[in-house]
Structure formats: structure tokens, C-alpha cells
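Please open the structure in your viewer and keep the selection tool at hand, as this tour goes from one selection to the next and says what to look for at each.

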Amino acid sequence: PMIPPLLSQTWKSAALPAAAQRFQQGWRTLNPGLDYRFYDDVACRAVMAEIFPEFLAAYDALPAPVMRADVFRYAVVYRDGGIYADIDMECLRPVASLLSLGDCLVSVEARLGRTRQRELGYAVDTQIANCIFAAAPGHPLFRRAVEKSFALFAATDPQLALSVEDITGPRM
């Protein structure tokens, strides 16, 4: 399966900050063949209700908006495929040629030496970015990311400080 020429982005509302509007326009200008889809918080919740109704109560219970945004991005790429990019990600060149490189594209956000890995408490030395990625529809990595996020959230003591990066974010 191929990665479709589709870009999904999200923000809490349609009222984007000026910088985000410039980045959004850059994606569209450099990639006129991409089907562009924007989701605000209400639309994100509707997508979650459609794809993963069994997790909707947990989605609503996530304590931080960024956690809902994290889970949404995995779900929408699982459903539709294509590219997900944070609204503050700037596109510098066309991406069409990347879509044929495989059925799942991720990038490394951080590589750490052993000392820094220990200092930060990272389980592994490589952290995969969740700010931008791409996949064919139905890719199992993104279904697993949704399921694991909710499993980690369910297993977290509500009295403890929650780490977004560990539960729904790139360290998950």
C-alpha cells in the first residue's frame, strides 16, 4: 500500500496564529497535489468517535489538550493515511517523492548518548518524532500507538504528575 497524497493538520480552532497560517500556506504552495485536511478540536473528537469509539471516554478524560492532539494524529493517519504535520512544521520543499519510499515514514527526534539517556530517564537512546510522519491507511503502527497511549493512560496513577511525552507523545 502506498502513502496517499494527503496532509492532515490540527489546531484547537480555525483561528490560527499568524506563523501557523504562513506554515499552512507553505505546505499548500509547495505541494499543490496534496489533499489538505484541517481539524479543530471538535472535528478531532468526531474522528475519534468514528474510528475508536471504545476509547472516546478515555479521550475525553485525557488531562491535557496536547494528549488529545497526540492520539488524534495517530488515529487520523491510521484511518486515512497520508502525512501528519504539526501546524508549526514548516515545509521547505515538495514532499511527493517521499510518499513512494515505503508504507510508513517516521523521523528521529533525538539520539542520546548513554549518559544523557540515563539523565533523562529514557528507556531507549532513540526517540521517534510524533510531530511529522506518514503512512498508508490502516498501518498497524498507528493503531498500536492509539491503543498503547490509552493503555498507558489507564495504568497511570492519577495522583502522579503525568508525562505527556511518555503517555501519548514521542517517548511512548
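Begin by selecting glutamine 9, which has its place in strand E1 of what is a predicted model. Is this residue buried or exposed? With a relative accessible area of 0%, glutamine 9 is buried, the cut-off for that word being under 20%. If you now display the side chain of tyrosine 36 as well, you can follow a polar contact of 2.7 Å between it and the side chain of glutamine 9. Widening the selection to whatever touches glutamine 9, and leaving out residues up to four places away in sequence, brings in Gln24, Trp27, Tyr36, Arg37, Phe38, Tyr39, Tyr84, Ala85, Asp86 and Ile87.

Next, move to asparagine 31, which lies in the loop between helix H1 (18-30) and strand E2. Although this residue belongs to a loop, asparagine 31 is buried, with a relative accessible area of 5%. Which residues is asparagine 31 in contact with, once neighbours within four places in sequence are left aside? They are Cys91, Arg93, Pro94, Val95 and Ala96. For a distance to check in the viewer, pick the C-alpha atoms of asparagine 31 and proline 5, which are 26 residues apart along the chain and separated by 9.1 Å.

Now select helix H2, which covers residues 41-51. At its start, look for aspartate 40, a side-chain oxygen of which reaches to within 3.2 Å of the backbone nitrogen of valine 42. Colouring the helix by accessibility should bring out Cys44, Val47, Met48 and Ile51, which are buried. These four cover an arc of only 100° around the axis, and they therefore sit on the same side of H2. On the face turned away from that buried side you will find the exposed residues Val42 and Glu50. Alanine 49, also found in helix H2, is partly exposed, its relative accessible area being 30%. Computed along the sequence, so to speak, alanine 49 and valine 71 are 22 residues apart, while in space their C-alpha atoms are 12 Å apart.

What covers the buried residues of H2? The elements to show here include strand E1 (6-10), strand E2 (35-39), helix H3 (56-61), helix H4 (65-80) and helix H6 (140-154).

Keep H2 and H4 on screen and hide the rest for a moment. The two helices pack at an angle of about 55°, with their axes 10 Å apart, which makes H2 oblique to H4. The crossing in which H2 passes H4 is left-handed. To see the residues that meet there, select Cys44, Val47, Met48, Glu50 and Ile51 in H2 together with Val71, Phe72, Ala75, Val76, Tyr78 and Arg79 in H4.

Then exchange H2 for H6, leaving H4 in view. Here the packing angle is about 150° and the axes are 8 Å apart, and since angles over 145 degrees count as roughly antiparallel, H4 and H6 are described in that way. H4 passes H6 in a left-handed crossing. On the H4 side, the residues to select are Val71, Tyr74, Ala75, Val77 and Tyr78, and these meet Phe142, Arg143, Ala145, Val146, Ser149 and Phe150 in H6.

For the last stop, centre the view on arginine 143 in helix H6. This residue counts as partly exposed, at 29% relative accessibility. Its side chain and that of tyrosine 78 are joined by a polar contact of 3.5 Å. Apart from neighbours within four places in sequence, arginine 143 is in contact with Phe52, Glu54 and Tyr78. Finally, select aspartate 166, which is 23 residues away from arginine 143 along the chain, and note that the C-alpha atoms of the two are separated by 17 Å.

Key. Residues are numbered from 1 along each chain as its sequence is written. This is a predicted model: local features need pLDDT of at least 70, side-chain atom pairs count only at pLDDT 80 or more; totals for chains, interfaces and linings use all residues. Side-chain values use heavy atoms; hydrogens and water are left out. Buried means under 20% relative accessible area, exposed over 50%, partly exposed in between (1.4 Å probe, protein chains only). The arc is that of the directions from the helix axis to the C-beta atoms. Contact means heavy atoms within 4.5 Å. A polar contact is a pair of N or O atoms within 3.5 Å; within protein, one must be able to donate a hydrogen and the other to accept it, and residues adjacent in sequence count only if both atoms are side-chain atoms. Axes are lines fitted to C-alpha atoms, for helices over the stretch in contact, and angles run from 0 to 180 degrees between N-to-C directions. Angles under 35 degrees count as roughly parallel, over 145 as roughly antiparallel, 65 to 115 as roughly perpendicular and the rest as oblique. A crossing is left-handed if the near helix is turned anticlockwise from the far one by less than a right angle, and right-handed if clockwise.
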